Amino acid sequence: MRKTLILVLFPVVIVLLSVRLAFTEFFVEWEYSKDDFPKDRWGLSNELRLQIAKLGLRAVLSDSGMKEFKASGLFGNREIKHMQDVKKLLSFLFSLLYALTPVMLILLLSLRSVRRIGWMLLLSSLIVYGIGIFFILLSFVDYDWLFTTFHNYVFGPYSWRFRDTDMLLRVYPMRFWFDATIFTLVLTFVITGILQIVGFLLLIINRSRR
């Protein structure tokens, strides 16, 4: 039972941790620093777009950020409502991350064997790799479908669709979200790889004790 729970929780925790790390100003700044990042069709400078994009980031991460977002006068009611929905979703996901992480650690430690913990880390890592590779391939094959399906399922088919002239689409073009998805998946692989190395080291330590 414990092993099954670990196998289930491990991918959830790693993916949520990667999502949390992706929702930072570092990623927004890095994305906007790219030479080939899409320009605004209505002449808004990338410097100003970057500041607005950071404003949106703060809005979905804190109450004070959301107040600032609303007071900016840059967004319509539908855009504000969508960002409130995103904030609620992220609040739930990040709370889940903070709750499940210690549970997973306790479950791992409860195995009470360096060998068993090592093997569980390796096996769990393989599951994460499988999930990650699937979504990377899907992203490159048809990201529009993936993006649309996710938003329709999570937010409903109408609440997240905006006009090209709306500010949310101007500061967060589709390229932004594609790169964010790949960035998150790469982070997932990196974190998983580190834990996989830990698993190998535990098995080596266990073998050296014999």
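In this predicted model, the mean position of the 25 positive charges of the protein chain and that of its 16 negative charges lie 15 Å apart. The surface on which such a chain meets its surroundings amounts to about 12,200 Å² of exposed area, and carbon and sulfur atoms supply 67% of that area.

The protein chain that carries these charges contains 8 helices and 0 strands, so that, by the DSSP runs used to assign elements, the order read from the N terminus is α-α-α-α-α-α-α-α. Taken along the principal axes, the C-alpha atoms fill a box of roughly 70 × 35 × 30 Å. Of the 210 residues of the chain, 45% count as buried, and when contacts between residues at least 6 apart in sequence are considered, 76% of them join residues at least 24 apart.

Helix H1, which covers residues 2-22, is a convenient place to begin a walk through the chain. Its 21 residues should span 30 Å at 1.5 Å a residue, and because its end C-alpha atoms are 30 Å apart, the expected and modelled values agree. Within H1 there is nevertheless a kink of about 25° at leucine 9, shortly before the proline at position 11. Both Leu9 and Pro11 belong to the buried residues of this helix, which also include Ile6, Phe10, Val13, Ile14, Leu16, Ser18, Val19 and Ala22. The partners against which the buried residues of H1 pack are helix H2 (25-32), helix H5 (77-109), helix H6 (114-155) and helix H8 (174-209).

Two of these partner helices, H6 and H8, each hold a residue that deserves a closer look. Aspartate 179 lies in helix H8, and because its relative accessible area is 11%, which falls under the 20% cut-off, this residue counts as buried. Leaving aside residues up to four places away in sequence, aspartate 179 touches Phe27, Glu31 and Lys34.

Histidine 151, for its part, is placed in helix H6. Is this histidine buried or exposed? Its relative accessibility is 11%, and therefore histidine 151 counts as buried. When residues up to four places away in sequence are again set aside, the contacts of histidine 151 are with His82, Gly156 and Trp160.

How values were computed: Residues are numbered from 1 along each chain as its sequence is written. This is a predicted model: local features need pLDDT of at least 70, side-chain atom pairs count only at pLDDT 80 or more; totals for chains, interfaces and linings use all residues. Side-chain values use heavy atoms; hydrogens and water are left out. Helices (H or I, at least four residues) and strands (E, at least two) are DSSP runs, numbered from the N terminus. Buried means under 20% relative accessible area, exposed over 50%, partly exposed in between (1.4 Å probe, protein chains only). Contact means heavy atoms within 4.5 Å. Accessible areas come from the Shrake-Rupley method with a 1.4 Å probe; for residues, only the protein chains shown count as cover. Lys and Arg count as positive and Asp and Glu as negative; His and the chain ends are not counted. The place of a charge is taken as NZ of Lys, CZ of Arg, CG of Asp or CD of Glu. The expected span of a helix is 1.5 Å times one less than its number of residues. The bend at a residue is the angle between axes fitted to the seven residues ending there and the seven starting there.
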